[in-house]
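Reader: Please take a close look at the ligand site. I would like the contacts, the enclosure and the surrounding space described in one piece.

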Amino acid sequence: MNLRNIIMAWVLLGTLCLTAQNVPTYLDGSKSVEQRVQDALSRMTVAEKIAIIHAQSKFSAPGVPRLGIPGIWCTDGPHGIRPDVLWDEWDQAGATNDSCVAFPALTCLAATWNPDMALLYGKSIGEEARYRNKNVLLGPGVNIYRSPLCGRNFEYMGEDPLLTSTMVVPYVQGVQQNGVAACVKHYALNNQEVARDRINVLVDDRTLHEIYLPGFKAAITEGKAWAIMPGYNKYNGDHACENSVLLLDILKGDWAFDGVAISDWGAVHNTMKVASNGLDMEFGSWTNGLNWGTSNAYDDYFLAKPYEKLILEGKLPMKDLDDKAARVLRLIMRTEMNRNRPYGSLNSPEHYAAARRIAGEGIVLLKNDKKLLPIAPDVRKILVVGENAIKMMTVGGGSSSLKVQRETLPLDGLRAKAANRGIEVAYERGYVGDVTGEYNGVTTGQNLNDNRSADRLIADAVEAAKQADMVIFIGGLNKSEHQDSEGTDREDFALPYNQNRVIEALVEANSNTVVVALTGNAYAMPWLDKVPAVLQGWYIGSEAGNAIADVIFGDVNPSGKLPFTFAKSLADYAPHAAADSLMYPGVDGNVVYKEGLNIGYRYTDKLRADRVNFAFGHGLSYTEFSLGKPVASARQFNGQGTIEVTVAVTNIGDRSGAEVVQAYVSDAKCSVERPIKELKAFQKVTVAPGQTQNATLSFDRRAFAFYNPTTKLWTIEPGKFEILIGTASNRITAKIPIEVKEEITWKD
Ligand code: GLC
C-alpha cells in the first residue's frame, strides 16, 4: 500500500473517530437501547422529564426537541387505524390520506381459534399504523366477556382466559415487528360500560388471577408488549391508573414489565397517587375519552405542572419521575428512534386479503339443518332481508370507529357472487334500526331512511320471501348506543328493532331461511327451533360482504368456533342469574363479582344442557371430522416439562376443512371448588377430504393448577385429573386420566 493510501486511511479513521465521538450515545443506533435510554435521561432537565410523560395533544406526547428526541403518536384502535383528529379536538382533522382497512373485530379474530390469524392480523394492522407514522397502537383489548350486555365485548376476545392468552400474544408480536408498540387494554376488570369511569370492581384474588389477568399477563410476559393501558374503572377502591396492586405489585413486580403504562383517556384523577403508583404516561385528562374535553389543559394534567411542583419541592421522589421518563424513552427508542424499522403499508391488497381471510375463518356456522348452506346449485332466487345487509358497520361503536377506504356490505358481496352464478338476489329491509351513520365527524354517507311502518316492512318482506328459493336474513346489533358500543351497555338480551318478529314471519313464509347475525355479543334466539341455519357473522370490517358471501356460497368452508357461550337467556349468565344489582351493574358505585370463576361455560356446565343454545367452542363445518383415540406421552405429571397429547383428525366428508381440537382439564377432587372443566389447550388443523392430520396439544404445569390466594402460589394438589378432548365444550369425545402424585406449587 503506497504512502498516499496510508495517509488517506489515517484521515478516514480519524474522521470516523471524530464522528463517532460527536454522536451522543442516545443517538447511536449501535448502542443498546438501555445505554441510549440512560444517556438521554442524563441529559434531560426536570421540565423535559415532566413534559414527555403526559400528552401535548389529543393523541401525542412530546419528545425532547432540544435533544432531537421525537415524540409519541398514539392511535386507536384494535381493528384499524383511526383517522386523524385535530390537535386538541375530537373533530376530524379533515385529512384525505387517513382512510384505512377495517379488520374484523377481535371477537371474530378470537373465533378463528387460529394464532396464525392473530399474527397476520397484528402484522397487517401494525403495517398500517407504521405507514401512518403512529408509534403506539391502542389495542388489542383483552377484557374477559363477563356479561353479554357489555358494550365493548366486540373489541375483546371472549370468555376464556386461555383462548384470550393464546390469541393475544401473536397479535402483539405482529404489531411490534413493525416497530409499533401494542398497548394492551383495558388493564384490568373493564367488563362493563355502565359507569365505566367510576365503577369500583370487587373481586376475589383467585378469580382475578385465574380469569381476568391471564390475557394481560400473556400479552406482557409472552407477547412482550411495550405498552399497556390501565382502564377507567376502580379495583378494590383505587382507579386502575392509580392502583399500586395492579401497576406495581403485579405488572411491574410479578410480570417485570419494562414498558409504558399509558392511562386511558381521562382516567387519571390524583397527582400523588398517579405519580407514586406506577402509571407512566397520562393522556386525555379533562376529557371523557370519546367526544368532549377541556381545551389545552395539558399543563394542568396531573403529571404536568402539579407533579413538577411536588418534585421541585422535594415532596415526591425524583427516582419515580426518572423511571417514568426512562420507560417513555425506551418506548421511543423501540419505535420512532429504531432506525431498522420497516416502513409499513396502507390499504394494500395484502391487507384486504388478510381482513377477508380472518373474517372467513372467524365466521361461525352455528346451525345448518337440511344442509341449507352452502347455497345449493338449484337455488336461482335469493331474498336478502335486514338492515345489517346494507348498513356500514365500520363507523360507530366508540373509539374503535374507523374511516375506511372501502367497506363491502353484505348485500353487495352476496350480489357480486350470485351474479357469477346467474342467481337473482332481491332485497327487503324487514325492519328499521339505526339510520344514523356518523361518529366523531366521520359519516357513512348512507341514507337508510325508510318511512314504512313495522307491519308494512314485514308484510313486504314476507311477500317477497314467498317468491324466493331461499331467504337470508342479515340482522343483529349495530354498534349504535346500547347495541354494542363503547360507553353504553346493552339494556336487553333480545335482538332489537322487532327482528324476532321479522325472523318468525320469514321462516313461516319460507322454511329455507338462514339467519346471519352481526353482533359482538350473544343474544336471545326465540325462533331457533324454526330456523334451519344460523351464522354468527361478527363485525368483520372492510371485507364483510365478501367474507359472508364466501361462506354462504361455499367458497370458504366455515371453521370458526364460539369464543363465548350463547346461553338461552340473560339469567343463564352467572352475573345475572340472581338479578342481583350488586353483581351487575353495581350499587352505589360498587360491582361485586360474587360469581367468582363462574364465567361462561364455567357456569353453564353446571346448568341443564337446554340452558345453552350454542356452547363455547361450538362451530360447524361443511364437511365432517372424526377424532381418533388420543395418545398421551404420559399418564402421570410431576410438574416438570409437559405432557403431549396427539389426536388424529380425519376428514370424513367431501371437501377440505379445518377443525379445532380442544382440550379441557378437569380436577376430580380438590380442596377448593374448581370449574367442572377449563380450556387448557387447542389446535386448529386443516384436513383434505379422506385425509388425516394430527393435532398436538401440550400441557405444562399451568394446565392443572389453581391460584391459591392465601399462599399466592399456583398450586396442583395431588390426585386424579382428566384431559377432556373434543371439538366444543359440549362435544367431548375422549378422556385421558392423568395422575399427580405430589403437591406442586410455584410463584410466577
Ligand atoms: C377511549 C377508550 C380507549 C381508547 C382511548 C383513546 O375512551 O376507552 O380504548 O383507546 O379512549 O381514544
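Author: What follows goes from the ligand outward to the cavities and then to the backbone.

This is a predicted model, in which local features need pLDDT of at least 70 and side-chain atom pairs count only at pLDDT 80 or more, while totals for chains, interfaces and linings use all residues. Residues are numbered from 1 along each chain as its sequence is written, and side-chain values use heavy atoms, with hydrogens and water left out.

The ligand is surrounded by 15 residues, and the closest are Asp 76, Arg 152, His 186, Tyr 232 and Asp 264 (a residue is near a molecule if one of its heavy atoms lies within 4 Å of it). By class, this shell has 5 nonpolar, 3 polar and 7 charged residues (Ala, Val, Leu, Ile, Met, Phe, Trp, Tyr, Cys and Pro count as nonpolar, Asp, Glu, Lys and Arg as charged, and the others, Gly among them, as polar).

Three polar contacts of the ligand can be described (pairs of N or O atoms within 3.5 Å). An oxygen atom of the ligand lies 2.7 Å from an N or O atom in the side chain of His 186. For the side chain of Arg 82, the distance from a ligand oxygen to an N or O atom is 3.3 Å. Gly 289 takes part through its backbone, where a polar atom is 3.1 Å from an oxygen atom of the ligand. Taken alone, the ligand exposes 310 Å², and the protein buries 100% of that (accessible areas by the Shrake-Rupley method with a 1.4 Å probe).

The ligand sits in the largest cavity (more than half of its atoms lie within 2 Å of the grid points). A cavity is a set of points, on a 1 Å grid over the protein atoms alone, where a 1.4 Å probe fits but cannot get out; lining residues have an atom within 4 Å of a point. The largest cavity holds about 100 Å³ of space (the space filled by probe spheres set on the points, which are joined across faces, edges and corners). Its lining has 15 residues, and Asp 76, Asp 264, Trp 265, Gly 289 and Ser 399 are the closest to its centre. That lining divides into 6 nonpolar, 3 polar and 6 charged residues.

Asp 76 also belongs to a backbone feature: a cis peptide bond joins Asp 76 and Gly 77, with omega about -15 degrees. Most peptide bonds are trans. Gly 77 is in the loop between strand E2 (72-75) and helix H4 (106-112) (DSSP runs numbered from the N terminus, helices being H or I of at least four residues and strands E of at least two).

Key
Polar contact = N/O pair within 3.5 Å; in protein donor to acceptor, adjacent residues only side chain to side chain. 1 Å grid on protein atoms, 1.4 Å probe; cavity = no way out; pocket = protein on both sides within 12 Å on 5 of 7 lines; lining within 4 Å.
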